[in-house]
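Subject: Structure handover and notes

Hello,

Here is the structure I promised to pass on. Please open it alongside this email, as the notes refer to residues by number.

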Amino acid sequence: MDSIKVKNFIIIVLLIVNAVLFSVFVLDTVREGGMAGDAVDGAVAILAENGITVAEGAGLDEQSLPVVAMRRDTGLERDKVEKVLGSVNVTDEGGNILRYSSEKGEANFRGTGSFEMLVYDYGRASSDPETTALRFAADLGLEAGRGGLVSDIDPESLDGTVELTCAAGGARVANCVLSFTFGGGEIKMVLGTRVLDTVVSESYSDTLDVPTVLMRFLGLVLDGGRICSSVDSLELCYSMRANAAGEAELIPVWRIATDTGDFYINAVTGFEENV
């Protein structure tokens, strides 16, 4: 056999080996996917045996989020405040609390992300307070979480409140909620907790999969004597832990929405979170 035939033979053998290895990989992937699906179905069945149904489209697909380290940036913070209050004077109140004041309003911002703001003139009165709240949040450099808008506005006087849940990278931050007070369609006051300004790092770690979190949820219901008959949705979101020094972490948590309220389970430790 000459050298050319030998080379061709070796190439054919390598192609066959690669094809076999690829087939094994595909089969393993399909098998693992099937096993994961079986585990989810099993968890759903166990919930049903305990009187808890899971709604169709509840979001039982696998999800992942990184742990995100963040910090306060007072320079960026001032820029954001000036987008809604105009040019401001800044006073250091101590304890990492900064006070911003202008002709259009005044605000106190803390290292933990909490703040309160009196608004004298936002200049964007609207017959749609929800849209106004979303615009105000965007001016503050905040992302709004999907489905995180709750409104209690009188349709005639346009007085009332709008609550908005913040987000980070498209994921709801469950404990970063802003409350807007409206009068005549104008924002009068805003208070709550915002997501801090700057991402320092992101890191992924193993998180609870869907079957495990469903079983952990069932354990919480049974052990705590809680009443629950349906799971309406399952969502991997964040809880922000911040200190007065202006340092924070966004921790992945599973939000389980039920007919009697929301449960939050730390996606890394499996412990229940108070959000």
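Below is what was found in it, from the overall fold down to single side chains.

**Overall**

This is a predicted model. The chain has four helices and 14 strands. It runs to 275 residues, and buried residues make up 40% of them. The exposed area is about 14,400 Å², with carbon and sulfur atoms supplying 54% of it. Sequence range matters for the contacts too. Take those between residues at least 6 apart in sequence: 56% join residues at least 24 apart.

**Strands 8, 9 and 10**

Start with strand 9, residues 171-183. Strand 9 pairs with strand 8 on one count and with strand 10 on another. Both pairings are antiparallel.

- Strand 8 covers residues 160-168 and shares eight bridges with strand 9. One register point to check: T165 has V177 of strand 9 as its bridge partner.
- Strand 10 covers residues 186-193 and shares six bridges with strand 9. Here L178 has G192 of strand 10 as its bridge partner.

Both connections are hairpins with two residues between the strands. Each has a glycine with a positive phi. Between strand 8 and strand 9, G169 has a positive phi near 60 degrees. Between strand 9 and strand 10, G184 in the turn has a positive phi of about 60 degrees.

**Salt bridges**

The whole structure holds 14 salt bridges. As background, side chains of opposite charge can pair when their charged atoms come close. Three cases are worth a look.

First, E82 and R78. Their side chains meet in a salt bridge at 3.3 Å, N to O. Both residues lie in helix 2, residues 74-85. They sit four residues apart, about one turn of the helix. Are they buried or exposed? Neither label fits, because E82 has 26% relative accessibility and R78 has 34%. Buried would need under 20% and exposed over 50%. Both therefore count as partly exposed.

Second, D197 and K80. The closest N and O atoms of this salt bridge are 2.9 Å apart. The pair links distant parts of the chain, 117 residues apart. D197 is in the loop between strand 10 and strand 11 (198-203), while K80 is in helix 2. D197 and K80 are both buried.

Third, R110 and E116. Their side chains meet in a salt bridge at 2.8 Å, N to O. R110 is partly exposed at 26% relative accessible area. E116 is partly exposed too, at 29%.

Some salt bridges share partners. These join R72, E77, K80, R194 and D197 into one network. The D197 and K80 salt bridge described above involves two of these names.

**T258 and its surroundings**

T258 is found in strand 13, residues 247-258. Its relative accessible area is 9%, so T258 counts as buried.

What does the T258 side chain reach on the backbone? There are two polar contacts to look at. A polar atom of the T258 side chain lies 3.1 Å from the backbone nitrogen of T260. The T258 side chain also reaches the backbone oxygen of G261 at 2.6 Å.

Leave out residues up to four places away in sequence, and T258 touches F217, C228, S230, V231, D232 and F263. Two of those names, F217 and F263, come back in the next section.

**Aromatic pairs**

The count comes to five aromatic pairs. One of them is F217 with F263. The pair is edge-to-face, at 5.0 Å centre to centre, with 85 degrees between the planes. These rings come from distant parts of the chain, 46 residues apart. F217 is in helix 4, residues 210-223. F263 is in strand 14, residues 261-266.

Are the two residues buried or exposed? F217 is buried, because its relative accessibility is 0%. F263 is buried as well, at 5%.

Elsewhere, ring pairs link Y100, F109 and F115 into a cluster.

Best regards

Note on methods:
Residues are numbered from 1 along each chain as its sequence is written. This is a predicted model: local features need pLDDT of at least 70, side-chain atom pairs count only at pLDDT 80 or more; totals for chains, interfaces and linings use all residues. Side-chain values use heavy atoms; hydrogens and water are left out. Two strands pair if DSSP finds at least two bridges between them. A salt bridge is a side-chain nitrogen of Lys or Arg within 4 Å of a carboxyl oxygen of Asp or Glu. Buried means under 20% relative accessible area, exposed over 50%, partly exposed in between (1.4 Å probe, protein chains only). Contact means heavy atoms within 4.5 Å. Accessible areas come from the Shrake-Rupley method with a 1.4 Å probe; for residues, only the protein chains shown count as cover. A polar contact is a pair of N or O atoms within 3.5 Å; within protein, one must be able to donate a hydrogen and the other to accept it, and residues adjacent in sequence count only if both atoms are side-chain atoms. Rings of Phe, Tyr and Trp (its six-membered ring) pair if their centres lie within 6.5 Å; planes under 30 degrees apart count as stacked, over 60 as edge-to-face and the rest as tilted.
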